[in-house]
Every structure is written in structure tokens, then in C-alpha cells.
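Biologist: Before we talk, could you put the structure up, so that I can ask how each description of it is reached?

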Amino acid sequence: MSNAGTNRASRPSRVTEVRYLSFVWLTALCCSVTAADEPVDFGRQIAPIFQQHCVRCHSPGNIQGVISLATIDDLKSNEYIVVGDADKSHLIELVTSRDGKPPAMPQKAEPLSMEQVGLLRQWIEQGAKWPSDVVVKETSKADASWWALQPLSVPLRSAKAASSDASFAEPKATLTLDDFILAKLAEKGLALSPTADRRTLIRRLSFELLGLPPMPQEIEAFVNDPDPAAYAKLVDRMLDSPHYGERFARHWLDLAHYADTHGFERDMRRDNAWRYRDYVIHALNQDKPYNRFLQEQIAGDVLWPEDPQAVIATGFLAAGPWDFVGQVETKSDELRRSARSLDLDDMATQVMTCTMATTIHCCRCHDHKLDPISQQEYYQLRAVFAGSKRGDRFISDAAVKQDEETRAEWTAKLQSIDFEIGKLEGAGLDLADMVGGGNGWGGGIYRQGIDARTGAVQTRDLGALDNVLTNTFVRTKSEFINGVFIPDGENRKAVITVSTTGVTVTGLPKTSSAAWDVIRNGPVASQHSPELGGIDFAKDGHSLLGLHANSGITFDLNAIRLASHQTEMRFTAKLGYFGASGGNRADAWVYLDGKQIAVYPQLTRDKGLQDVNLELPVDARFLTLISTDGGNGYGHDQVGFGDPKLKQAVPATLNEEDGLRLTSLRQERTTVQGRLSSLSPTPKFYGVVGEKKAPPVHLLVRGDSESPAGEPLAPAALTSLKMLDPSLGDIDTSEGDRRAALARWITHPDNPLTPRVIVNRLWHWHFGQGIVNTPSDFGYGGDRPSHPELLDWLAHQLKEQGWSLKSLHRMILNSKTYQQQSQHDKDSASVEVDADNRLLWRQNPRRLEAEVIRDAVLQVSGKLNSEQGGPGFQDFTYEEAYAPIYRTITADEPALWRRSIYRYIVRTTPDRFLTTFDCPDPANLTAKRLNTTTPLQSLALYNNDFILRQSRHFAQRIESEVGAIAVEQVNRAFQISLGRLPSHQEQRLAVSFVEQQGLFALCRSLLNSNEFVYVD
């Protein structure tokens, strides 16, 4: 209530303040005034008045009129209550009518009854006793009696179904979903539409189950199949297709808001995220029981740690955006806490929204105003993930250990051979040591380097270099290093000076003209790792000459010979890409007196180490080593020459026996190095990385990460599902056990929400609308079920079928309801009664999703690359920067013609073509895609570069299949793109069109037709 309604001198501003107050609830609580000498019960008689009429506008989360009625503190401090004197209490003034005018409070609502005002007066007169442990909270609009929170109600039969269709006249032993649909239709005097023709059905099924159009031969075979069970068999074949998982994984990844980059300001890469995407595809194809599917994604690494797929499944929790700056780079502890709070909100919200269609994120600041969820429950849910962080991790600790042991075994053999070879050859002069200021025998300073811009010695780490002048050779003060430079080959046209005597090199590619850090004796700044091929080149016994692309260095061999008394020498090293794996690459070049003697193109981390062993003739003067960025920016391009040595070609004291031994050792070394290089890196995935001890979680006042309140909260689920125990552990429960407990709670056999939600999602994906048309909100703010009995019956069937999603697909797809035609008379009575088709008197026509349109275009053009699984294709160029730069390119090569599910998704750089067709923003969980119709969509299908190129490929395919006869070209084009032959009129017009405009124009037009981009 407000401090308005009086002109007392002690409260001059209260009339103004009341204007800011509003009350929403209109229902008055009926109370009976107790006898004057009978004590008023605050909890039973007074608290409900405040709860129903006051705290919505006057609570800690919404203090209007500078007062909260959640506790007695504000009432006393502002003289709203004068204990023992109701007449002097401003609260009574506000709720009492004076001079025939309505009371000031509740504002815009029915006044309190005389009985309620009387109770307030008695309570004040009796001392305004308010128990200290009682806090008045606003009640949510829904309570534990809300329909979605009740146990599944499963009817045994439907009496009304029989009257709606002759085929249902006889009593039936079991129900089908059609019974429920027919019963609702009968109530409105409606009936099912006729069954669609087979050509329509196969196209509908193919797009819904596979995400691809059926081929003409498949259509004709189905249309002409005399088997009455042909349709059911078609459903089974498509559900068994590996393309089924690719299709339905897209739906689930929308819910997981999956992408291959972090998002936010830096939007850095996640090159191992794809394993979770492949997990979803595999699990759906395998028809993994849905309850197990959920358990693995929430806590698979805890429940089944020896199952690699179950471990990878936890990529679900890490699939959303992540603020690298806020959680890693910022120097502000306050910002870091805020970013972490948002991260925990994302995890908890994703799990509860995806699995149980329960909205919880508004509880960050206050109790849920619509659903029976308290703010404390929200933070107890967040406590489940308090120790869960995101990052790359190994799939299996056992596999890591085995790989390490194997790698160590072969590395030890290689090192033993190298040691013996070194004894016979002589140790050699270390070029990395020279870069560090030494003479090649170990006197150099580790990680000292040379600035390629100036030639100056540098000890501190640098980042991206400014003031870069490419192809400018700079002399150093080193006796053995002639100079350094930053190369840019300008597409092999540049002539680059690489020595003080004017020696030049040519043939280098164009680079980004950017450089990072300096040339070092050891790893460069921010190097991903000094370890490669099982060797850590930062440890004793090894050295590393680090050249982050783009850089070049020239050694003076004459000076080295003079100091070492070596004549004929060999240059040996273990060359590798020491940056991160993924799409990163660089090139390395070796020149001798300006002549290229070796090139190592497209180095990647996965290629391991390259063995360098090059002869340096006695008359050679300059050895030049160059690294270039591989044409994709210099990010991560940490090229390194491991153990770079100048050795005597043939040791002077080598006798015949030693020579034979040396030859044998070199052969053995080649074999061992090959075995070591063939070892694949231990696989990683991007998922949940658990902390050993979960940090404490407190309720945050108004969601402010700087305002924790109360004691640490134990992990717990929601109390509104009365059939389940909400306890998930205590404050000492481990991070993994918390997630495992939540996974079991969500999939508990008695939890009615989990099966209801997934069957509703399937219904939505098959009909374009759910039984509940807000598939991720089963609360008060969401839709009400159109067929509540059917929803519960389907949920029960799912559980009865062992949580098999494919069984539920079959049930839906084989129904008469699904097989209806979508065409209808716009003036029919059905439209008037049910224009939105909520009762499903027909099927719903739908436009294809963005990715399906793209895949269908590729299939029709004959260019679809059916390769499955693995890292996503990258239809962009990548340039490393503080905020990486992704530039989209047109997909016009086989590697980029894979299905859209395998596209490398960049959060901050969406594909324009896909976005035009409502491809969702992966920053947000998407339960229901938009389905807009805009002029841009038609323009994209007609003028987009991808469409233009595929239209040409489509035309070339037609010509190769049927030749140059226009009528055959037209027939074939219609068959492939629309799944039918043209009508006589269409054929006549299309032939004329091809003869005048060419086959390409027809192909382009067919891809832009409504019939191509719409199902039915």
C-alpha cells in the first residue's frame, strides 16, 4: 500500500507518491472480523490481505511508493503503522473511504472489504505482531494444481470417437490417436479431410523425416506399389535412413542453441564442438531411449564415464554462447562474477526449457509471477551447475593414458636413436640457441628473440605487431644471423631481399601482411603448445626456433663455418605447426642463397612433425627460413623448427663400421618417426569441465551478482511437482553427482512434464503446431493444450514403448490425421469453425526451413555431398584478430556442398541466405522457428549467388541426363525439382520459355516456385 492520501505536515510527499502505485489483483479475500478481545492471527488473517492486494507492487523486487509490505520494517519506519493506535496509522488512511470517495489503495482495484479493514485495525491495536520468520510473498497465478504439473491421465477408451467416423463404429480394444482427434472434431460438427495422394505423401514424409526431396524413381515406385502396406513400409524405411538423424538433429540443436564459436565480443572458435552435433545425429539414428538421451546430455560423463558417446553428450550443456572476455580476459572481478552468473543462468535455463518446457530465467530477480517457482528454487537449480564450466576436454581419461604411454614409448625409441646418431655425427650447432644470443652450443637465453621489424633483441612477449613494413630486410647485431624480415609474396610476384649482400627470393604467396610477436629461441607469445609428435620442445634436451607467421630469418653460414671449423654441413630439424588444430594452417620455406630447397605447404597441427634433413654445400652462404600464413590469416600460425641443428655432413673421424651403423640408424629413425607421426592426437570435444568442488551459490537479491544473500544453497529441483522429491544433494555434493541427480529427477518415471514435452515437440514438428502451441512453455504464460487427453495418452505411449521416439513417429505418421490432405475450400464451414486448424481437420501446409531449402537445392542440382560426420565445412574465410573476422564465401566446391547440418556455425556471422529464410540466431534457444513471408525470400531464391550457381549445375545435370530436346528437358526438370511431370499447359509454356531464355532460366524459376519451397 502507499504513503499517500493525507496532507499531514509530517508526510507532505505522500499524495505525490501514491500516483506511482498500481495494483493488479482484483480478488478480495473474505475475512470475518474477530471479536475485539480475540487475538488476530497474522499468518491466517493479515498476511493473505497483503499477499493478495499489496506485495505485487510493494515488495523488495518492486518497491513502489518507497515501501515494501513483505516485512514490517518499512511499515514501522515510515509511520504507516503506529503500534497500538490504528487511527494514527497511515496504512488505515489509505484503505479507508472518506467523504464518499474511494480509498487511495488498492489503486485501480476493488477496495478492501469492511471486514478486511476491520481486521487491519484490530491487528494494529493489538500491537501489530508480525512473526520475524514470516515474509509475505506474492502468489503466482498458477499453483501446484496447474494442469502440466499433474500426473499423466491416461483414458482407456473414447466413447465419442465412434460417432465421428463410420470406420470407428465398432467397439475397439485399444485407442489410437485418431480417436482423440475425431472426438474433438465431432464436438464441433467437423470431420477429417480426405487422405492425400501418394505423390504428396512421399514428398511430405521425405522432407519431414529426411530433410530432402524424394527422387523421381522413388516417387514412381511408391505411387505404383500395389501393396496396401506400402505407406507403412515407406515410413519404416525413412526412419531407418541415416538421413533421419541428420534431419531431426537440427530440431534438437535449435533447442541447444548449438554453434561452433563462442559468440559475444570475441566469438572465438570451438573446433571440437562438432562431436556433440555428431552425437545427436548418431543417438537419434540409433533410436536411443529418450530418457537415456537426456541423462547422457546432462550427466553422461558421470553416469557412464566409460562410454565415449555418453561423455561427448555433455556438449549439450556447453553448446550455448560463452563470454570469453567476461570470464577470462577481464581484470574486473565484478564483471567476471556477472558473466559467470549469466553462464549459470544459460545452463539451468537450457536444461529446464528443453526437457520440461519450464521457464525459470525470470526467477533470477524475483519469485515467478506466473508459475509456482520461487527465486530460491531457481538458485538451487543453478547450484546444480555451480562447478560446471565449458571447455575442450578429452573424451576418455583411459584413452589419454594409453595414448600417452604409446607416444612416450615411441618417443623414447626416437630419442635413443637420435642420441646415438648425434654421437656419431657430432652434436651440431643449434640455430635456436643462436637466436637466443648464443653461439650454437647452448649459451643462448631461452625465449629471447629478434624483432622482425627492427632486428632488435627482445625479451618481453609481444602480441599483434604494429608499424609492419613487409619485404624490408633488417640486419641484426648477431654474428651468425645476417638479418630478419616480414614477407609478403604478393601472389608470387614480389622479389624479396633476404641478405645484406642483396640475395633475393621469389615465389612466396600473398600473406595478410600482419605479424605476431618475434622470432624466438623457444615458443612465441601465446603459443598453443610447445609439444608436438610426442615431444615437448620446451624441455631439457630439446630446443625450438619459433617463427609465428609471417616472418623470415637468414643465417650466415660462412660466419658459422669460421667459428665452428665445420665445412660441409646438413640442416636437420623437426618442423611442425605448433598452433591449435582445426582450420588453422601455415606454410614453411627453406632457401639457400635465394634458391628454394624445400617447402612445407599447408602445415597443420594434425600433420605432426616433418623431418628436415637438407644438404648445405660448402660454397653456400645464406640459409633462409620463412613462415607464411597459409592464406587464412596469421591466427595460431605458430611454426616451429624443433631441434634445428647444423651438423657435419660426414663426421671426420667416422670409420667404416661407424658409417654403416650411422646408415642403419638413419633408416631405423625413419621407421620410428613414421610410426610416431602416424599416431593420431587424442580426441577432444567441447563440453562440460567439472571443478573438483562446486563453489557456493547464494540467492542474489534482484539477480545482482554483487548482492548475495543468506546461506549457501544446496542443489535442488522444483517443489511444484509433488510426486517427486526435489532434493538433489547438499552443499558438499560433488559437481558431477549434482548433475546426475538432476538427470534422474528429470527422467523419473513419475515426472509427467518430460514425456509430455517431447511428444508435444514431435507433434509440432509433424503438424507445424503443437498440441500445446508454446512448445517450450507449459506454464501459465503459455498455451493450453488443444487435446489434453491425447497429449497424456501419447506421453504414456512413449513410456510404454521404452521411450522410443521412432515408435512415436510411427504412431503419428501412420495415423489418418497425419495423412490428410492440406488442400481445402477457403469458404468451407471448417474454416469458419476452426480457421487456425487447431482441431486438425486437415494437414497444415508448411514452408521448408532454411537449411532444408539449401539441401534440397543441392540435391536437385546433383551436387549434394553426402559425406557424414566430422568437422563442419567452413563456408567462410577466417582471419585471426582480437575479434576474429569471418567472411562468408559462396559454397561452390564439393567440400562445401555437404548437408547444412554439417556447416560450421559462426554466431556473429550468420549466413545471409539462410537468415532470409528464418534460420534462427544460435545465441538464443529456439523452440519454434519463425515462418515469415517476405519479398527478400523471393529475391534470394532468384538472385543469390549460391542459387545462381546451383541453377547452372541443375541445368547441366538435365542436359547430361536427357540431352538437348527441350520437351524432355522440361519434363525432367519438373520431375527432379517438383516430383511430378508438368501439366500439358505447363509443358507448353515451359518449352517455349526454354527455347527463348534457355534451360538455366527454367531451372532458376523452378527453384523459386512455391511448390518447391513448400511441403504440400
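Modeller: This is a predicted model, and we can begin with its largest cavity, which is lined by 15 residues, with Leu149, Thr358, Asp371, Leu753 and Gly779 lying nearest its centre.

Biologist: What volume does the largest cavity have, and how many cavities of 30 Å³ or more does the structure hold?

Modeller: The volume of the largest cavity is about 130 Å³, and the structure holds 8 cavities that reach 30 Å³ or more.

Biologist: How do you know where empty space is left?

Modeller: A probe the size of a water molecule is rolled over the atoms, and this shows where empty space is left.

Biologist: How do the residues of the lining divide into nonpolar, polar and charged?

Modeller: In the lining of the largest cavity, 11 residues are nonpolar, 3 are polar and 1 is charged.

Biologist: Why is Gln297 called buried?

Modeller: Buried means under 20% relative accessible area, and Gln297 has a relative accessible area of 1%, so Gln297 is buried. Gln297 is found in helix α12, residues 290–303, and its side chain reaches the backbone oxygen of Phe293 at 3.2 Å.

Biologist: What makes that pair of atoms a polar contact?

Modeller: The cut-off for a pair of N or O atoms is within 3.5 Å, and the side chain of Gln297 reaches the backbone oxygen of Phe293 at 3.2 Å, so the distance satisfies that cut-off. Leaving out residues up to four places away in sequence, Gln297 also touches several others, among them Trp252, Tyr276 and Phe316.

Biologist: Phe264 and Trp803 each have a positive phi of about 60 degrees although neither is a glycine; is Phe264 buried or partly exposed, and is Trp803 buried or exposed?

Modeller: Partly exposed lies between 20% and 50%, so Phe264, at 44% relative accessibility, counts as partly exposed. Trp803, in contrast, has a relative accessible area of 8%, which is under 20%, and therefore Trp803 is buried. Phe264 lies in the loop between α10 and α11, while Trp803 lies in the loop between α23 and α24.

Biologist: Why is helix α15 called largely enclosed by the rest of the structure?

Modeller: Of the 24 residues of α15, 17 are buried, so this helix is largely enclosed by the rest of the structure. Helix α15 reaches 34 Å from its first C-alpha to its last, close to the 34 Å expected at 1.5 Å a residue, and it is followed by Ala357, whose phi is positive, near 50 degrees.

Note on methods: Residues are numbered from 1 along each chain as its sequence is written. This is a predicted model: local features need pLDDT of at least 70, side-chain atom pairs count only at pLDDT 80 or more; totals for chains, interfaces and linings use all residues. Side-chain values use heavy atoms; hydrogens and water are left out. Helices (H or I, at least four residues) and strands (E, at least two) are DSSP runs, numbered from the N terminus. Buried means under 20% relative accessible area, exposed over 50%, partly exposed in between (1.4 Å probe, protein chains only). A polar contact is a pair of N or O atoms within 3.5 Å; within protein, one must be able to donate a hydrogen and the other to accept it, and residues adjacent in sequence count only if both atoms are side-chain atoms. Contact means heavy atoms within 4.5 Å. The expected span of a helix is 1.5 Å times one less than its number of residues. On a 1 Å grid over the protein atoms alone, a cavity is a set of points where a 1.4 Å probe fits but cannot get out, and a pocket is an open set with protein on both sides within 12 Å along at least five of seven lines; lining residues have an atom within 4 Å of a point. Grid points are joined across faces, edges and corners, and a volume is the space filled by probe spheres set on the points. Ala, Val, Leu, Ile, Met, Phe, Trp, Tyr, Cys and Pro count as nonpolar, Asp, Glu, Lys and Arg as charged, and the others, Gly among them, as polar.
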